[in-house]
Amino acid sequence: MKKVLALLISAILLVSLFAIPASADEGSMFWVTHFNNGSVEGAGAIFTDSDAAGAWWHHVAFAPVEGKEDVYEIVEFCIGDGNAYSLAIPEGGFVYAVNTGNNWPSLFEQNGATGDGSTGLWFDDAEHAAMPDYTSDNCSTAFTMVNDWCVGLTFKISGLDLEGQTIPTSTTDKQWYEDDYVCTATIAIYTGDEDTEDPATSEDVSEDVSEDASTEASETVSTETSEDASTATSTDASEEASENGGAASEDAAASTDASEEPTTTEEGGLSTVALIAIIAGAVVVIGVIVLVVVKSKKK
């Protein structure tokens, strides 16, 4: 009986071992909330006319890969560290930009601002006093993921309407910064095969993406650091205002709380078809062994 139990436990562990890498094929959310709008906060914007995002946005220029539907390559890239700049729109492609936004209620509370300008802070006015908390887990995750991209990476992007510029969401009654807002576009590293890898779990990016990634498995972990705009002092807020001058009008479209060192890991693995075949074979073999053991016990 102990042998049978041991075999069953081994079978469960074997199935779990092969099933985990297969989940990486689905890709990650591609945080798209606006088209051709560089004045929003906590957003992911697609630019097809001209890149109007500010200095605190990540900017990524995507060019279409010839002969591949919905496959794009990064041809230019800059980090949203306060020194980012506008990129040219690739022919047939687009520029993607993302920023993390500000938590305005928190900023007002911590700086004793009321919207009447009495503090002398650049944002202490009625307009900013009425602004919400633009930060969200969805946007923070996207900003962290994009921080690790680089020129040369190729992606399969699904659910993106470049012609009609329809926002990819199933929650049209929600604002993009609300916790229950859903973005339906997805993005995954394109390796040249049908299966793709989740960019949120890939190893630190390099310019040469292997087409045989399924034979490699490695994992790197880096620490995360972030700067929260809500901790800014009155003096810091004034300095950030001048740095964000490249953003559209008075909207503090440029975020000051950008994550700089996101966590990255890579999950290599066999293709889904191969995994299914291996698992099925393993289960059959173990079943035969169990049957033989049980019969031998009865004799």
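Student: In what order do the eight strands sit in the open sheet?

Tutor: This is a predicted model, and in it the eight strands form an open sheet with the order β1-β8-β7-β5-β4-β6-β3-β2 and mixed pairing. The edges are β1, residues 28-29, and β2, each of which pairs on one side only.

Student: And what else is in the protein, how many helices and strands?

Tutor: The protein has six helices and eight strands, and along the sequence they follow the pattern α-β-β-β-β-β-β-α-α-α-β-β-α-α. Of the contacts between residues at least 6 apart in sequence, 73% join residues at least 24 apart, and buried residues account for 43% of the 299 residues.

Student: Let's start at the β1 edge. How many bridges does β1 make with β8, and in what sense do they pair?

Tutor: β1 and β8 are antiparallel and share two bridges, and Met29 has Thr186 in β8 as its bridge partner. Moving inward, β8 covers residues 186-189 and is joined to β7 by four bridges, again in the antiparallel sense, with Phe155 standing opposite Ile189 of β8.

Student: What's on the other side of β7, then? Which strand pairs with it over three bridges?

Tutor: That is β5, residues 71-78, which pairs antiparallel with β7, residues 154-158, over three bridges; within this pair, Glu73 stands opposite Thr154 of β7.

Student: Now the β2 edge. Is its pairing with β3 parallel or antiparallel?

Tutor: β2, residues 34-35, runs parallel to β3, and two bridges join them, one detail being that His34 has Ala45 in β3 as its bridge partner. On to β6, residues 94-98: four bridges connect β3 with β6, and these two strands run antiparallel, with Ile46 opposite Tyr96 in β6.

Student: Which residues of β3 point which way, and are they buried or exposed?

Tutor: Gly44 and Ile46 point one way from β3, residues 44-47, while Ala45 and Phe47 point the other way, and all of them are buried. That fits the general rule that side chains in a regular strand alternate between the two faces of the sheet.

Student: Which helix lies across β6, and at what angle?

Tutor: Helix α4, residues 137-146, runs at about 120° to β6, and it lies across β1, β4 (58-64), β5, β6 and β8.

Student: Changing topic: where is Glu41, and is it buried or exposed?

Tutor: Glu41 is located in the loop between β2 and β3, and it is classed as buried because its relative accessible area is 2%, under the 20% cut-off.

Student: What does the Glu41 side chain touch, by way of a polar contact?

Tutor: The side chains of Glu41 and Trp104 are joined by a polar contact of 3.0 Å. Glu41 also has Thr100 at 6.6 Å, C-alpha to C-alpha, although 59 residues separate the two in sequence.

Student: Which residues in the loops have a positive phi without being glycine?

Tutor: Asn36 is one of them, with a phi of about 50°, and Gln165 is another, with a phi of about 55°. Asn36 belongs to the loop between β2 and β3 and is partly exposed at 27% relative accessible area, whereas Gln165 belongs to the loop between β7 and β8 and is partly exposed at 30%.

Student: How many salt bridges turn up in the whole structure?

Tutor: A search of the whole structure finds one. Lys174 forms a salt bridge with Asp180, the closest N and O atoms being 3.3 Å apart.

Student: Why do Lys174 and Asp180 count as partly exposed?

Tutor: Lys174 has a relative accessibility of 28% and Asp180 one of 40%; both count as partly exposed because the class lies between the 20% and 50% cut-offs.

Student: Last one, cysteines. How many disulfides are there?

Tutor: The search of the whole structure finds zero disulfides. A disulfide is a covalent bond between the sulfur atoms of two cysteines. As for individual cysteines, Cys78 is buried with a relative accessible area of 6%, and Cys183 also counts as buried, at 9% relative accessibility.

Technical notes: Residues are numbered from 1 along each chain as its sequence is written. This is a predicted model: local features need pLDDT of at least 70, side-chain atom pairs count only at pLDDT 80 or more; totals for chains, interfaces and linings use all residues. Side-chain values use heavy atoms; hydrogens and water are left out. Two strands pair if DSSP finds at least two bridges between them. Buried means under 20% relative accessible area, exposed over 50%, partly exposed in between (1.4 Å probe, protein chains only). A salt bridge is a side-chain nitrogen of Lys or Arg within 4 Å of a carboxyl oxygen of Asp or Glu. Contact means heavy atoms within 4.5 Å. Axes are lines fitted to C-alpha atoms, for helices over the stretch in contact, and angles run from 0 to 180 degrees between N-to-C directions. A polar contact is a pair of N or O atoms within 3.5 Å; within protein, one must be able to donate a hydrogen and the other to accept it, and residues adjacent in sequence count only if both atoms are side-chain atoms. A disulfide is a pair of cysteine sulfur atoms within 2.5 Å.
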